[in-house]
Amino acid sequence: MCTVYIGFGSNIDDRLAYIQNAIHALSETEGITLQKVSSVYQTDPVGYEAQAEFLNGVAAIQTNLPPPSLLRTLKDIETLVGRQHRIRWGPREIDLDILIYGDLCLQTERLVIPHPEMHLRHFVLAPLAEIAPDLVHPVLKASVQTLLACLDDRSALKCFYSRWF
């Protein structure tokens with residue numbers, strides 16, 4: 001079993017319900033054990049900015065699924081929860097991304113681990129630091145807490161929801 005960190009986000013309709021449904025589906029998936037879920041933070045959009053604010057957070061799981069299978073599982077959960085694919089970085093019902101998969105470094109056409117932009121995103125590092133501050137980025141060799149402290153992006157984060165278990 002490997003510890004994997006999954007970023008999640010939503011900015012359409014009942015954002016929290018989409019996230020809760022996705023986390024529930026993740027916890028019910030064979031081969032995955034949900035370990036921790038961060039608080040959910042309200043954040044400004046990045047990239048395509050002409051859209052509603054997001055709710056974002058991070059979940060820690062244990063899994064024996066290899067990365068390509070886990071990616072397929074996450075995409076299946078997105079579809080199950082109601083994701084409609086639109087423009088890149090645009091509005092979405094739910095988004096699930098593999099951030100870190102143990103100490104694995106992987107680059108394929110469909111999947112890059114660790115997530116190539118996670119160290120630049122306040123909305124990823126803040127919730128990740130909440131549940132795994134000492135986790136070391138396998139490429140940058142710095143803890144999540146250190147990456148967060150050095151981050152230039154100080155976009156606003158507001159705790160929106162913090163009761164999971």
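**Exercise 1. The neighbours of strand β4**

How many bridges join strand β3 to β4, and in which direction do the two strands run? Work on the predicted model shown above, and extend the answer to strands β1 and β2.

*Solution.*
Step 1. Begin with β3, residues 40-43: 3 bridges join this strand to β4, and the two run antiparallel. Within this pairing, Tyr 41 has Asn 56 of β4 as its bridge partner.

Step 2. Turn to β2, which spans residues 32-37. It is joined to β4 by 5 bridges, again in an antiparallel arrangement. Here Leu 34 stands opposite Ile 61 of β4.

Step 3. Finish with β1, residues 2-10. This strand and β4 run antiparallel and are joined by 9 bridges. Cys 2 stands opposite Thr 63 of β4.

**Exercise 2. The two faces of β4**

Determine whether the residues on each side of β4 are buried or exposed.

*Solution.*
Step 1. Take the strand as a whole: β4 covers residues 54-63, and 10 of its 10 residues are buried.

Step 2. Separate the sides. One side carries Phe 54, Asn 56, Val 58, Ala 60 and Gln 62, while the other carries Leu 55, Gly 57, Ala 59, Ile 61 and Thr 63.

Step 3. Conclude that both faces of β4 are covered, since the residues on either side are all buried.

**Exercise 3. The nonpolar cores**

Identify the element that gives the most residues to the largest nonpolar core, and describe the surroundings of Ile 98.

*Solution.*
Step 1. The largest nonpolar core has 31 residues; Ile 6, Phe 8, Ile 61, Leu 70, Leu 96 and Ile 98 have the most contacts inside it.

Step 2. Two or more residues come from each of β1, α1 (15-27), β2, β4, α2 and β5. Among these contributors, α1 gives the most, with 7 residues.

Step 3. Beyond its neighbours within four places in sequence, Ile 98 is in contact with residues including Val 4, Ile 6, Leu 70, Leu 74, Ile 113 and His 115.

Step 4. A second, separate core holds 19 residues, including Ala 129, Val 144, Leu 147 and Leu 148.

**Exercise 4. The largest pocket**

Which residues lie closest to the centre of the largest pocket, and which element gives the largest share of its lining?

*Solution.*
Step 1. The largest pocket contains about 1000 Å³ of space. It is lined by 39 residues, of which Trp 89, Arg 92, Asp 95, Asp 97 and His 115 are the closest to its centre.

Step 2. The elements giving two or more residues to the lining are β1, β4, α2 (67-81), β5 (95-101) and α3 (122-131). The largest share, 5 residues, comes from β5.

Step 3. By residue type, the lining of this pocket divides into 17 nonpolar, 10 polar and 12 charged residues.

**Exercise 5. Helix α3 and Val 136**

Why is α3 described as largely enclosed, and is Val 136 buried, partly exposed or exposed?

*Solution.*
Step 1. Of the 10 residues of α3, 9 are buried, so the helix is largely enclosed by the rest of the structure. Among the buried residues are His 122, Phe 123, Pro 127 and Ile 131.

Step 2. Val 136 lies in the loop between α3 and α4 (144-149). Val 136 counts as partly exposed because its relative accessibility is 43%.

Step 3. Leaving out residues up to four places away in sequence, Val 136 touches Lys 141, Ala 142 and Ser 143. The C-alpha atoms of Val 136 and Gly 102 are 9.6 Å apart, although the two residues are 34 residues apart in sequence.

How values were computed: Residues are numbered from 1 along each chain as its sequence is written. This is a predicted model: local features need pLDDT of at least 70, side-chain atom pairs count only at pLDDT 80 or more; totals for chains, interfaces and linings use all residues. Side-chain values use heavy atoms; hydrogens and water are left out. Buried means under 20% relative accessible area, exposed over 50%, partly exposed in between (1.4 Å probe, protein chains only). Helices (H or I, at least four residues) and strands (E, at least two) are DSSP runs, numbered from the N terminus. Two strands pair if DSSP finds at least two bridges between them. On a 1 Å grid over the protein atoms alone, a cavity is a set of points where a 1.4 Å probe fits but cannot get out, and a pocket is an open set with protein on both sides within 12 Å along at least five of seven lines; lining residues have an atom within 4 Å of a point. Grid points are joined across faces, edges and corners, and a volume is the space filled by probe spheres set on the points. Ala, Val, Leu, Ile, Met, Phe, Trp, Tyr, Cys and Pro count as nonpolar, Asp, Glu, Lys and Arg as charged, and the others, Gly among them, as polar. A nonpolar core is a set of buried Ala, Val, Leu, Ile, Met, Phe, Trp, Tyr and Cys residues joined through side-chain atoms within 4.5 Å. Contact means heavy atoms within 4.5 Å.
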